[in-house]
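The following paragraphs lead the reader through a predicted model. Please keep the sequence and the three-dimensional view at hand while reading.

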Amino acid sequence: MRASFKWLQDYVEINETPEKLADMLTMAGIPVAAVEPLGQNISGVVTGKVIEIGPHPDADKLSVCKIDIGTEVLTIVTGATNVRQGHIVPVATVGANLPNGMNIQPTKLRGMLSYGMLCSTEELNIDNKLVSPEARNGIYILPADTAVGIDIRTALGLDDVVLEFELTANRADCFSIIGIAREIAVLTGASLKKPMLNLKETGVEKANSLTNIQIADSSLCPRFAARVLTNIKVGPSPAWMQHRIQAAGMRPINNIVDVTNFVMLELGQPMHAYDYNLLARHSLVVRKANPGEKLTTLDGIKRELEPDMLVIADAVQAVGIAGVMGGLATEVTANTQNVLLEAASFKGVSVRRTSRALGLRSEASGRFERGVDTANVIKALDRAAKLLEDMGACQVCPGIVDVYPDMQLPKQVAFTPEQINKYLGTDIPGSTMKDILKRLGFDVDVLAEKITVTVPTWRGDVTLPADICEEIARIYGYNNVPSTTPAGSMAQGKQSYTQTIVDKIKAVLTGSGFLEIISFSFTHPEAFDKLNIPEGSSLRHAIEVLNPITDDFPILRTTLLGGLMDTIVRNLSRKNEEFKLYEIGAVYLPENLPLKELPQEPLMLCGAIIGKRHPLAWNQTRDMVDFYDAKGSVEAILEGLRIGGYTVEADVNPSLHPGKTAVIKKEGDILGTVGEVHPEVLNAYGINRKVYLFELNVEALVKHAVHKPGYQALPKFPAITRDLAVVLSESVPAGDVTQAIIANAGPLLSSVQLFDVYTGQQVTAGSRSLAFSLTFRANDRTLTDVEIDEHYKNIIVYLENTFEAKLRE
């Protein structure tokens, strides 16, 4: 948004310099990005009238001009071909300085002295986009009514300063000169001077008898209004208006178009002028585009419209893209006799969607996207009609055709001064708050301690008490708000206990040769079939994703096994056949489906080993990994977390091999499962070798992990070790035997370790030999064999009676 300093002074008295004003606005939340003085580095350039022009006596391509600059007549030699007698042109006199660094001095051209130079737009550093196409080549020909001998900066409106704003999208009201002037008036205490709107309306017929306006979808167009102007005289707009428009970065075209642009810049309300005689049945309707409908816009490009795009159409075809750009077919030209002038309010989302789809942005679309003041529509029409009426460019027909089906009422916000001060950390009196809000245009109603404000229609961004806080703070002055240390509970930045345990698990696995993988949290229902998970299993109760990234991942995972198996398949397909992998990640377990509350998201650890036990080397065996390698990896994790006293029991898991699956428990909690992958699962994934998996519940590991081990002094007295080998049925788990030994060995037993399992010719079929190493120790004395013998015998007797075990000789 660009605003001319002179234009702002039309509506509010400004005593500050442009730089000081820019600082004030920026501190009040209306940031000024740049202060740009126009006409910089131009001096000694005045307007002059060509009173005589003739050929150079010694040069075919040069002309000699006599230029009247008011105080004298100069002889100037020029090579321009577009200069004629009577033209008013910019003249750089002797001693003049130009923006390109040129200093003008008397110059002899083919034997004739030239006392100055005629200037083009380029030499005056005027952007070619801001002038008509014919003025871009050759000498800049000024309007015939331009005074002679005045400073060119005054003649072209370059004796001005432009403030360039970087406004946030919510401050739609400041995308207008009046909006900026209103803010300046509040900050400086000056009065806002609004333009007068007393129309004469000298037209013969009433507007409602000349046109018909309809809105097909009021949700996309809340209001649409029009005026009819007759006896149009199309011509250039006044110089002061052209200067205002150019300072804002737009090019003057003609008085009708310039007025619509001027009012848009002034009031923030985009408008459009149609050639009334070219509108079928002189009617307009706001509707969505018909399928396959096309429109050639004012830029000369034929555009294909989508059915969800809002258009303005006459009785036959679309004549404009609502809120974006008008159509070429009804453009105002030099032949236009009557004009239908419209102003409307369109839904910003619709305009933005259409603008982006067409790749077409305009000053109008930018304002509609941010939101315009619906109540300002009639004022904009009256302002435009008044300007054209004062120029003598038309007759305004009485009345306005206004279609406004659902009138929008102003919003109200209630608050107390205590709420505002508590929010801002200030002690601003309630009277000061009321004064600030009144200056901003809010209607204030005070009842006891409660203040209710009616928000002006142009402030669509104010809807909550927090918005009122912002308004009060920025006008009161952010620099007046005391600096205080934010209050609140402070927490030390550190990782959680769970994260510490996870790091330890990763360290153990990495030290064991495992590589970590990270798979998607999404999966496909087919993974449950591949993993052999039964239909009634809770693992199949997965959460469906409303907007899956692809059709391959429509649900959230309930197990890590699927992602791990996919990774194994991917590695095997690339001839990577010996590896150890693991993943730690969350699974998503809903209580009920459809979801009524957030699901549980327990952390799980899943690992896999496949291939040879050792890398290929001359001094290593070529054994393949087996169940005990996977079990050993789990035991390494438990040892690293100092988890002891757990049991390993045979188990059944649909994804693992029957008879080669174990569950690990401690104090009634299931820590995890380990086993060989079921052959059917291997077939489903196309794997032709054995894979061993383990899956552990990280939360259970965290519960039983010992973060800080207890201190234990080194023993002062020696221990006694006894070996015990018993033969018993293969159906008796070794863990049960170990627990029986511990229960009957007495308090002196310090450890028991299974060190041998034997089945063979020396053992009866269906039986096996288990050999245990028992360590006994006392903390206060050296034990004797007599003390140990009694406990040793108790163990043997119990094993014989309970498990029908026999002492192996």
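In which helix do D390 and K386 both lie, and how many residues apart are they? The two residues belong to helix 10, which spans residues 377-391. They are four residues apart, about one turn of the helix. Their side chains meet in a salt bridge, with an N to O distance of 3.3 Å. The two partners differ in their surroundings: D390 has a relative accessibility of 51% and counts as exposed, whereas K386, at 10%, counts as buried. The cut-offs explain these labels, because buried means under 20% relative accessible area and exposed means over 50%.

A similar arrangement may be followed in helix 17, which covers residues 627-640. Here K631 and E635 lie four residues apart, about one turn of the helix, and their side chains form a salt bridge at 2.5 Å, N to O. K631 is classed as buried, because its relative accessibility is 18%. E635, at 28%, is classed as partly exposed.

Another salt bridge joins the side chains of E667 and K666, with 3.8 Å from N to O. How do these partners stand with respect to the surface, buried or exposed? E667 is exposed, with a relative accessible area of 66%, while K666 is buried, with a relative accessible area of 12%.

These pairs belong to a wider set of contacts. The count of salt bridges in the model comes to 40. Some of the charged residues are linked in a network: R171, D173, E183, R459, D461, E471 and R474 are connected in this way by salt bridges.

The surface patches come next. Which residues gather in a patch of positive charge on the surface? They are K288, K347, R352, R353 and R356. Helix 8, made of residues 348-358, supplies the largest share of this patch, namely three residues. R353 is located in helix 8, and its relative accessible area of 45% is the reason why R353 counts as partly exposed. Membership of a patch requires over 30% relative accessible area and no salt bridge, and the accessible area of R353, at 45%, therefore satisfies the first of these conditions.

A patch of another kind is nonpolar. V94, L113 and Y115 make a nonpolar surface patch of about 230 Å². Y115 sits in the loop between strand 8 (112-114) and strand 9 (117-118). With a relative accessible area of 36%, Y115 is partly exposed.

The strands may now be considered. Five strands form an open sheet of mixed pairing, in the order 11-14-17-18-19. Strand 11 (212-215) and strand 19 (325-326) stand at the edges of this sheet, and each has a single partner strand, so one side of each is left without a neighbour in the sheet. Strand 11 pairs with strand 14 (residues 283-288) in the parallel sense, over four bridges. Within this pairing, I215 has V286 in strand 14 as its bridge partner.

Which strand is largely enclosed by the rest of the structure, and why? It is strand 30 (residues 603-610), because seven of its eight residues are buried. Strand 30 pairs with strand 29 (residues 579-586) in the antiparallel sense, over eight bridges, and A586 stands opposite L603 in strand 30. Strand 30 also pairs with strand 34 (residues 692-697), again in the antiparallel sense, over six bridges. In that pairing L605 stands opposite L696 in strand 34.

The last stop concerns a pair of positions that are separated along the chain. G735 has its place in helix 20, which comprises residues 734-744. With a relative accessible area of 37%, G735 is partly exposed. How many residues apart along the chain are G735 and Y646, and what separates their C-alpha atoms? They are 89 residues apart along the chain, and their C-alpha atoms are separated by 9.8 Å.

Note on methods:
Residues are numbered from 1 along each chain as its sequence is written. This is a predicted model: local features need pLDDT of at least 70, side-chain atom pairs count only at pLDDT 80 or more; totals for chains, interfaces and linings use all residues. Side-chain values use heavy atoms; hydrogens and water are left out. Patches are made of residues with over 30% relative accessible area and no salt bridge: like charges are joined within 9 Å, nonpolar side chains (Val, Leu, Ile, Met, Phe, Trp, Tyr) within 5 Å. Accessible areas come from the Shrake-Rupley method with a 1.4 Å probe; for residues, only the protein chains shown count as cover. A salt bridge is a side-chain nitrogen of Lys or Arg within 4 Å of a carboxyl oxygen of Asp or Glu. Lys and Arg count as positive and Asp and Glu as negative; His and the chain ends are not counted. The place of a charge is taken as NZ of Lys, CZ of Arg, CG of Asp or CD of Glu. Buried means under 20% relative accessible area, exposed over 50%, partly exposed in between (1.4 Å probe, protein chains only). Two strands pair if DSSP finds at least two bridges between them.
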